Structures are given as structure tokens and as C-alpha cells.
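User: I'm new to reading protein structures and would love a close look at a single part. Could you take me through it step by step?

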Amino acid sequence: MPITLPPNNSHSPDPDGRTQCLMYPSTEDQILSRRNFPQPIQRLGKGNNGVVHHRVGISGFPNGGLGVFATVDLKKGDLIFSERAFFVVLSTVSLGEVSGEDGGDVDNDWREAKKQREKELGVLLDRMSKEEREAYLALANSQDDEDTGPLLGIWQTNAFGIPNLKDSQHEDVTNCGVFKDGSRMNTSCSPNVGWSFNLLTFAIEFRAARKIKQGEELTTRYNRHPLANQTERREALASHYGFTCECHSCTRWPSSDLARTFIQENAVPKRGRLADWLMNKEPKGVSQGWVVEESIKMVTLIEREGLETTVPYIEHLGFLFEAYCAMGDEKEAVNCLRKHENIRRVHFGGKKKSVRELSNVVKARLKYSGSGQ
Ligand SMILES: C[S@@+](CC[C@H](N)C(=O)[O-])C[C@H]1O[C@@H](n2cnc3c(N)ncnc32)[C@H](O)[C@@H]1O
């Protein structure tokens, strides 16, 4: 059963728009039962027209299609824009019932499942306004197999998986959203934008993963495996989207592949070093630097590779914060916490903390661990 979220129970239109959804009733219940649902989407302060979209523009890019660019300078962790989806629909992974285990014709089952999905998307499209319908139909479609209808093709080219919109009764299914502006973002294997989905505003939030200059293209990562090598990444993008990735990392692949292998092999911080240091078990003659040197090297390498949205980055920053607190180094602890908080917001959203707030967190930790005054 299609539903509209937030529910359309007033006569006035919602200024943030509404999303047409096809999801399990239990998922809908879980969304509606959140306290304070729905909230208006996040806005910037007064004097900014109230909306965040002014931070981006959409225009033609050398690949022939459209892309999104920054209209202002952005700092790491800055909210760039937030928007509700046209659709939120169970992913086509739910077509996984098509297993052929019953001895049926898998190809035929797939064709039928795709036809069924095309019909479902048609029902949702009919529930949208004329402007929304036109905007959806204007999105890119890179699917050229003849069994994929136009609505499904646009869906498969533009959908973002929403991992935190999980249903505890259907954990194998992902819900995906397609967005008017967010879905115009191109991919890079060293993306400068990360995103999270806010369950209370029911909107996606895009944030800067590093400093971005006005006029720079904004890119997200389509590839599921950012640390894979160039051949694997290019194959995955070519098979789903039909283009050869020419991003900075793909074109200078010998050094980029080496760096990614190293990052993968050292993804987990050496926490044992901190434990050894705390118990005075570190090797003879080493300084405090021995505890943190590997993680400092990793953070520097990850930033050089433009992989700030990967898990090892947040892990190593988190470890450095813990280590500096344990060692009583307030200045470095605040510095690492600030970086950690900025990237944590990119993954999980939330408000920016002031330097004073961060400093207070560190002071409390130092006091608790007996390292502070
Ligand atoms: C989600 S859409 C992105 C917006 C799209 N460029 C447009 O014009 O609406 C995905 C499609 O954009 C194109 N695209 C995305 N990233 C690209 C890149 N790095 N290089 C070339 N084409 C890219 C591919 O055609 C892909 O199928």
C-alpha cells in the first residue's frame, strides 16, 4: 500500500514537501512512533532565506550530464543541503524472492518482477504533483536493458540506500530514496560529500567531508567498496551505470591503489599500544609518539587520498582522541575530537559543537582519567 510521509493530514502543503513511500507497514509504524516526528528539515540561520539550498547550484558538466556544485566555500562537516525524497521504496533487493530454487525460469521471474516494480513506481508517480512528476522524469537514466522500464531505470540510476531506515522485522531489506537535487550529484572515488538520513525530518542531509571551494563540483560515492582497486571500482560503475570513471583517483591509479591497500591493511588502530603504554609495558626507550604514530600516518594518508568518508578515518581519529586523553595531552585531544566530531556529523548528522563544548568534553575526560589538573 502506498503511503505519504510525513502524513498529509492538513490542507496546507508542507513547505519541505512530502515523500511517496512503498514500505512494510511495520517500517511505517516505526517511523510514525518516533517521538517528535515529523520535524521541519534543517535550516541555516536567519538572513539565509531560511533554506539551505542556496549553497548549491546545478549545471552541465564535462561528462555531458548535469552535476551539482558549491556556490559558497564550505568547511568540513558543514551542512550543504537537506531535502525530502520523491520516493522512498523498498530496494529491488526485495526482488530477491526471485531465486529459481523452485525450478522456475529465473530470467522470466526477473522480467516479471521488474514489470511489477515499474507498475508500483507508476502508482507512486500518480500521487505526486505535476511539478514533482516532471522533475522525476527529467532525472538521468543509464539503464539500457530492454526489460527495465523508464521509471525503474530512473530509480536504479538515482536511488540512495538508506541504511538507518531499517525495519527490525525485515532486516534484509533496504529502503532507498530518489531526490530532486541530491540525485544530480556525480560520483568520485575520492568524494568530497557524505550524507546521512534524518529519521525525524525524513530528509537526507549532505555535508562537506573536507574543505570545499566555491565553484567546486560536489561528489558522492556510488561504489560500495571505496578501498577496492581501480579495476574493481571501474568495473562496478561500468556495469551498473555504463561509464568509465575518470576521477582523480582512477586516473592516477598506481599510487592510489597502493595507498588504498595500505589503508585496508591498517584499517584497525593499534589499540594494544595504548594499553601497553598505560601499563608501562611499552618497548624500552619509546616515547608517547609510539602510541599514536601509526594512526597519525593513517589520518594523513586518508586525507591525502580524499577518503574521509571511509570507516578507517573515523576509527583512527577516535583512537587518537582516546590516546591523547589517556596521555593527558589536552591540546591534541581537542584537535582530534574536533576532527572526529566533524566527520561524525557527516555520517550521523547532528548539530555542530562549539570549541568551548569540545574543550569541556576533553577537560571532563582528563579529570576522570586523572590526567587533568
Ligand atoms: C545519479 S545520476 C547523477 C546526475 C547525472 N549526471 C545527471 O545528469 O542527472 C548518475 C549518472 O550520472 C553519470 N555520472 C555520474 N558520475 C559520473 C562520473 N564520475 N563520470 C561520468 N558520468 C557520471 C552517469 O551517467 C550516471 O549514470
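With which side chain does the side chain of E308 make a polar contact? Please also walk me through the helices around that spot.

Analyst: Happy to! Keep in mind that this is a predicted model. The partner you ask about is R210: its side chain and that of E308 make a polar contact at 3.0 Å.

Let's place E308 first. E308 sits in the loop between α9 (289-305) and α10. Buried means under 20% relative accessible area, so E308, at 3% relative accessibility, counts as buried. Apart from neighbours within four places in sequence, E308 is in contact with A209, R210, I302, E303, Y313, I343 and H347.

Now step back to the helix before this loop. α9 has 17 residues, and from its first C-alpha to its last it reaches 24 Å, close to the 24 Å expected at 1.5 Å a residue. Its buried residues are W290, V291, V292, S295, M298, V299, L301, I302 and E305. I302 is thus on two lists, since it is buried in α9 and is also in contact with E308. The cover over the buried residues of α9 includes α6 (248-251), α7 (253-265), α8 (271-278), α10 and α11. Just after α9 comes G306, whose phi is positive, near 70°.

Two of those covering helices, α10 and α11, lead us on to α12, because the buried residues of α12 pack against α10 (311-327) and α11 (330-348). Let's check the length of α12 (residues 355-369) too. At 1.5 Å a residue, its 15 residues should span 21 Å, and the end C-alpha atoms are indeed 21 Å apart, so the two agree.

Which residues of α12 are buried? They are L358, S359, V362 and L366. Looking down the axis of α12, these buried residues fall within an arc of 100°, so they line one face of the helix. A general rule helps here: an α-helix has 3.6 residues a turn, so residues three or four places apart point the same way. On the face of α12 turned away from the buried side you will find the exposed residues R356, K367 and Y368.

To put the picture together: E308 is in the loop that joins α9 to α10, with its side chain in polar contact with that of R210. α10 and α11 are among the helices that cover the buried residues of α9, and the buried residues of α12 pack against α10 and α11 as well.

Technical notes
Residues are numbered from 1 along each chain as its sequence is written. This is a predicted model: local features need pLDDT of at least 70, side-chain atom pairs count only at pLDDT 80 or more; totals for chains, interfaces and linings use all residues. Side-chain values use heavy atoms; hydrogens and water are left out. Helices (H or I, at least four residues) and strands (E, at least two) are DSSP runs, numbered from the N terminus. The expected span of a helix is 1.5 Å times one less than its number of residues. Buried means under 20% relative accessible area, exposed over 50%, partly exposed in between (1.4 Å probe, protein chains only). The arc is that of the directions from the helix axis to the C-beta atoms. Contact means heavy atoms within 4.5 Å. A polar contact is a pair of N or O atoms within 3.5 Å; within protein, one must be able to donate a hydrogen and the other to accept it, and residues adjacent in sequence count only if both atoms are side-chain atoms.
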